[in-house]
Amino acid sequence: MKKKNLLPVIGDLGDKKLCPSFSPRRPGKGWVFGVVTPTDEGPRMVALEKPEPVTEETFAMAAPLHPSEVFRITSPCVEGHCKNFGEGGICHLGHTVSKSRAEGEDLPVCQIRPECVWWHQEGPAACAQCSKMVTNNEKSRAMRDEMGR
């Protein structure tokens with residue numbers, strides 16, 4: 001049975017979930033679903049009303065940085081083909097993110113939540129921290145180092 005397409009911009013995912021921390025190597029792969037903005041507490045993601053395709057313009061707007069340092073980008077999860085996916089069929093990055101949730105935090109607005117691999121795996125704990133994540137920055141690299149990835 002095919003899942004209902006909750007994100008018309010992205011299209012039918014079949015049985016796939018969306019990775020909320022995708023880092024595209026070239027235009028045409030993935031969709032921007034948020035913009036990373038600086039705050040006194042550190043970077044925060046501001047969600048877009050609808051995901052936008054990653055294009056050459058996305059790369060140009062982010063230059064000289066990589067788009068995943070400026071935008072939050074999603075793409076269908078590649079599961080075992082990803083360095084963050086491991087034994088037991090879980091995304092270790094989603095699991096690590098979920099451990100730092102402060103109780104009582106409201107969940108941020110999110111257009112990809114219904115299909116997000118972190119949401120399906122970790123629930124509200126991952127969502128509460130997701131808007132504080134930047135795919136490629138010093139903090140995210142430290143988290144991957146902690147996981148041994």
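Trainee: How do the residues lining the largest cavity divide into nonpolar, polar and charged?

Mentor: In this predicted model, the lining divides into nine nonpolar residues, one polar and one charged. The lining includes Met45, Pro108, Val109 and Trp118, and Met, Pro, Val and Trp count as nonpolar. Arg113 also belongs to the lining, and Arg counts as charged. Ser131 is another lining residue; Ser counts as polar, because it is not listed as nonpolar or charged.

Trainee: What makes Cys110 a lining residue of the largest cavity?

Mentor: A lining residue has an atom within 4 Å of a cavity point. Cys110 is named in the lining, together with Cys116, Cys127 and Cys130, among others.

Trainee: Which helix provides the largest share of this lining?

Mentor: Helix H5 (residues 124–130) provides that share, with three residues.

Trainee: How many cavities of 30 Å³ or more does the search find, and what is the volume of the largest?

Mentor: The search of the whole structure finds two. The largest has a volume of about 80 Å³.

Trainee: Why is strand S4 called largely enclosed?

Mentor: Buried means under 20% relative accessible area. Five of the six residues of S4 (residues 71–76) are buried, so the strand is largely enclosed by the rest of the structure.

Trainee: How do you know that S4 pairs with strands S1 and S2?

Mentor: Pairing requires at least two bridges. Strand S1 (residues 18–19) is joined to S4 by two bridges, and strand S2 (residues 31–37) by four; therefore both count as paired with S4. Each pair runs antiparallel. Cys19 has Ser75 of S4 as its bridge partner, while Trp31 stands opposite Thr74 in S4.

Technical notes
Residues are numbered from 1 along each chain as its sequence is written. This is a predicted model: local features need pLDDT of at least 70, side-chain atom pairs count only at pLDDT 80 or more; totals for chains, interfaces and linings use all residues. Side-chain values use heavy atoms; hydrogens and water are left out. On a 1 Å grid over the protein atoms alone, a cavity is a set of points where a 1.4 Å probe fits but cannot get out, and a pocket is an open set with protein on both sides within 12 Å along at least five of seven lines; lining residues have an atom within 4 Å of a point. Grid points are joined across faces, edges and corners, and a volume is the space filled by probe spheres set on the points. Buried means under 20% relative accessible area, exposed over 50%, partly exposed in between (1.4 Å probe, protein chains only).
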